[in-house]
Amino acid sequence: YYFLMIQGANFFTITKVLLVSFMALIGMILMKPEENLQPFIPPQYGWAGVFRGATSSFFGYIGFDELACMAHEAVDPQKNMPLSIVYTLGIVTLLYVAAALALTGMQPYEEISDVSGFPAAFHARGWDWAAQIAAFGEVFTLPIVVLISIMAQPRLQYALAKDGLLPKIFAKVDRHGNLWWGTVIAGIA
């Protein structure tokens with residue numbers, strides 16, 4: 001079961017990284033820095049706006065903590081877990097910065113859609129095929145958020161049950177090392 005979950009998570013993660021890379025690359029091609037990035041920090045927001053935006057974008061990092069929950073599944077976790085967390089944070093940061101720069105360089109920040117930024121920006125620039133790919137990709141890769149959350153849930157329950165905060169059934173491990181009962185109970189709930 002976990003093998004299928006991990007393969008699904010890998011598939012959606014790779015697809016999501018490819019999608020964000022695609023949107024950032026096409027956005028960079030369509031950039032108008034002389035129009036949309038001048039001044040680089042809009043005076044009405046200043047540095048306070050930069051910091052507000054940085055703190056609100058932290059939600060985009062909400063997947064790396066799931067890596068920590070999956071430490072039990074890792075080979076040589078003391079070595080590989082810190083590396084995976086650092087690499088994940090680095091890759092997500094680079095992708096986020098590239099995508100944000102591409103989007104704000106492609107369209108004036110006042111016109112960026114709150115609901116569908118890249119598809120609307122591609123459409124506004126006349127690149128409807130890119131808008132369609134971005135819109136489809138955003139909807140198609142939404143399951144990764146749910147999948148990753150579900151994947152870590154049994155491990156979180158296991159840790160809580162070991163500490164006595166949840167019933168012992170959540171700490172039961174089957175003969176294959178899987179948390180079958182915790183997964184079933186969480187899945188039903």
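Begin by selecting helix α5 in this predicted model and colouring its buried residues, which are Met81, Leu95, Ala99, Ala102, Leu103, Gly105 and Met106. With residues 77-106 still selected as α5, place a distance monitor between the end C-alpha atoms of the helix, which are 42 Å apart; because 30 residues at 1.5 Å a residue should span 44 Å, the two values agree.

Next, add helix α6, residues 117-124, to the selection, and view how α5 and α6 pack at an angle of about 35 degrees with their axes 10 Å apart. The crossing in which α5 passes α6 is left-handed. To see the residues that form this contact, show the side chains of Ala99, Leu103 and Met106 on α5, and on the α6 side display Gly117, Phe118, Ala121 and Phe122, which they meet. Sorted by class, the contact of α5 with α6 comprises six nonpolar residues and one polar residue, with no charged residues.

Keep Ala99 on display and move to valine 20, which lies in helix α1, residues 2-29. Once the neighbours within four places in sequence are set aside, valine 20 is in contact with Leu95 and Ala99, and both of these partners belong to the buried residues of α5. For a longer view across the model, draw a line from the C-alpha atom of valine 20 to that of lysine 172, a residue 152 places further along the chain, and the separation reads 39 Å.

Finally, select proline 39, which sits in the loop between α2 (33-36) and α3 (46-56), and inspect the peptide bond that joins glutamine 38 to proline 39, which is cis, with omega near -5 degrees.

Terms used. Residues are numbered from 1 along each chain as its sequence is written. This is a predicted model: local features need pLDDT of at least 70, side-chain atom pairs count only at pLDDT 80 or more; totals for chains, interfaces and linings use all residues. Side-chain values use heavy atoms; hydrogens and water are left out. Axes are lines fitted to C-alpha atoms, for helices over the stretch in contact, and angles run from 0 to 180 degrees between N-to-C directions. Helices (H or I, at least four residues) and strands (E, at least two) are DSSP runs, numbered from the N terminus. A crossing is left-handed if the near helix is turned anticlockwise from the far one by less than a right angle, and right-handed if clockwise. Contact means heavy atoms within 4.5 Å. Ala, Val, Leu, Ile, Met, Phe, Trp, Tyr, Cys and Pro count as nonpolar, Asp, Glu, Lys and Arg as charged, and the others, Gly among them, as polar. The expected span of a helix is 1.5 Å times one less than its number of residues. Buried means under 20% relative accessible area, exposed over 50%, partly exposed in between (1.4 Å probe, protein chains only).
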